[in-house]
Amino acid sequence: MEPDFAALVKQFKFEGAFLEANPCGFGHINDTYAVRFRKANGAVHRYILQRINHNVFKNPEALMQNIERVTSHLKKRIIAAGGDPERETLNLIPTAEGKAFYRAPDGDYWRAYTFIEGAQTYRAVERLDHVYSVAKAFGNFQKLLSDLPAGELHETIPNFHHTGKRFETLVEAVERDVKNRARFVRPEIEFVEERAGETSVLVDLLEQGRLPERVTHNDTKFNNVMIDNETGEGICVIDLDTVMPGLSLYDFGDAVRSAANPAAEDEQDLSIVRIDLEILDRFAHGYLDIARDFLTSVELDHLLFAAKLMTLECGMRFLTDYLEGDVYYKVWREAHNLDRCRVHFKLVEDMEVKVDQMVRIVARSR
Ligand code: ADP
Ligand code: GN1
Ligand code: MG
């Protein structure tokens, strides 16, 4: 059901008279709208209004505390660096009561941000210079948050990138097989089983103290950076729901899986799904131009492994959701999650084939 926007917008300190609300973006989780207002002087301007998916984020209050903590930290760091805090980080619009979110009578949670104008997100790479810019933006995001103590943030989704636990959840979904779909995905299940030994590598290194815990974004999709229309720079990292303690490698890995595939994330023609080495090259350069100063050698040694692991994990999560009956991600068609899973497994295979070339590329960027 369409929300009653005219009533909803009254809950926030928006300026002007409400004109209209339009769906915005292609996220799999939240519902995002651009809401348009006319100010007293006649000028029309926009805000972002988002419904937080509280099936996915079980504790929206804690999540919003994180976002307040993270954006206020970023703001200070951006000002100190002479940047523009209105455009280079998300800015929450408070509710009429001065809170960071509004809880509607139906139990839904809503929040609002200033709309970043003159910039946009891209679902797939259109220009190689954008890849470099986005990679730099993610590297810089980690850098700006490097002095925010990880312990100050809540874990908004526990074990989000614990790939070993993701594997266990998949195995349970296969055993339960609530939708009787396991029979359709035997090759995919086998594909994961063959790689099960790799799923705990990063978490083991973390537990052994060989990888540092940092404040990371954890959802570094290519379309989670706003790219300036004029300069082509990655001006603002958005979608901050999963910013929490994590590994730098999760961000690098997830970004490579998202950006380096020139096809769509749900492409049904697997023959066009592949790792584009030029994109990898641009991404590694952009990220490392910022991050080589603070990454440890163990982190640097595992960048490509992380790219493969995050790709495998993402595919496993789509497969799990397919088996569980599409209860987590938004889907638009029958077997949509299975299509997404297959794309990711194809990418994993392609990374395995191209590993030597990929190693050379990352070595050059180091
Ligand atoms: P999801 O969690 O569903 O991916 P996002 O927070 O990434 O949601 O937002 C979805 C889309 O909305 C983004 O890809 C972007 O195009 C747009 N968007 C989000 N925040 C802003 C903003 N502050 N200004 C302009 N556009 C935004
Ligand atoms: C989801 O919210 P969105 O669409 O940016 C998911 C990511 C997945 C991604 C796959 C909170 O990201 O973890 O990698 O889909 N976000 C959450 O496209 O689960
Ligand atoms: Mg997003």
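This passage describes the two domains of a predicted model, the surroundings of its two ligands, and two residues with unusual backbone angles in one loop.

The domain assignment divides the protein chain into domain 1, residues 5-117, and domain 2, residues 128-365. The C-alpha centres of domain 1 and domain 2 are separated by 26 Å. To the contact between them, domain 1 contributes 27 residues and domain 2 contributes 31 residues. About 2,600 Å² is buried between domain 1 and domain 2, and 59% of this area lies on carbon and sulfur atoms. On the side of domain 1, the residues that lose the most area to domain 2 are His28, Asn66 and Arg77. Together, His28, Asn66 and Arg77 account for 25% of what the domain 1 side buries.

Ligand 1 is surrounded by 17 residues. The closest of these are Gln50, Thr114, Ile116, Thr121 and Asp239. Three of the polar pairs can be described in turn. A nitrogen atom of ligand 1 lies 3.0 Å from a backbone N or O atom of threonine 114. In the side chain of threonine 121, an N or O atom is 2.9 Å from an oxygen atom of ligand 1. For aspartate 239, a polar side-chain atom lies 2.9 Å from an oxygen atom of ligand 1. On its own, ligand 1 has 550 Å² of accessible area, of which the protein covers 93%. The shell around ligand 1 consists, by class, of seven nonpolar, nine polar and one charged residues. Both domains take part in this shell, with at least three residues drawn from each of domain 1 and domain 2.

The surroundings of ligand 2 also comprise 17 residues, and those that come nearest are His28, Lys221, Glu265, Arg317 and Tyr328. Histidine 28 places a backbone N or O atom 2.8 Å from an oxygen atom of ligand 2. His28 is also among the domain 1 residues that lose the most area to domain 2. A polar side-chain atom of arginine 317 is found 2.8 Å from an oxygen atom of ligand 2. For asparagine 224, the distance from a polar side-chain atom to an oxygen atom of ligand 2 is 3.4 Å. The accessible area of ligand 2 on its own is 440 Å², and the protein covers 97% of it. By class, seven residues of the shell around ligand 2 are nonpolar, four are polar and six are charged. Helix 11, which spans residues 303-324, supplies the largest share of this shell, namely three residues. As to domains, the shell around ligand 2 takes at least three residues from domain 1 and at least three from domain 2.

The loop between helix 11 and helix 12 contains aspartate 326, with helix 12 spanning residues 336-353. Aspartate 326 is not a glycine, yet its phi is positive, at about 60°. Alanine 335 lies in the loop between helix 11 and helix 12 as well. Its phi is likewise positive, at about 60°, although alanine 335 is not a glycine.

In summary, the shell around ligand 1 draws on domain 1 and domain 2, and the shell around ligand 2 draws on domain 1 and domain 2. The protein covers 93% of the accessible area that ligand 1 has on its own, and 97% of that of ligand 2.

Technical notes:
Residues numbered from 1 in each chain as written. Chains lettered and ligands numbered in written order. Predicted model: local features only at pLDDT ≥ 70, side-chain atom pairs only at ≥ 80, totals over all residues. Heavy atoms only, no water. Near = heavy atom within 4 Å. Polar contact = N/O pair within 3.5 Å; in protein donor to acceptor, adjacent residues only side chain to side chain. Areas by Shrake-Rupley, 256 points an atom, 1.4 Å probe, with all protein chains shown as cover. Helix = DSSP H or I, 4+ residues; strand = E, 2+ residues; numbered from the N terminus. Nonpolar A, V, L, I, M, F, W, Y, C, P; charged D, E, K, R; others polar. Domains from an automatic or database assignment. Contact = heavy atoms within 4.5 Å. Buried area = accessible area lost by both parts, 1.4 Å probe.
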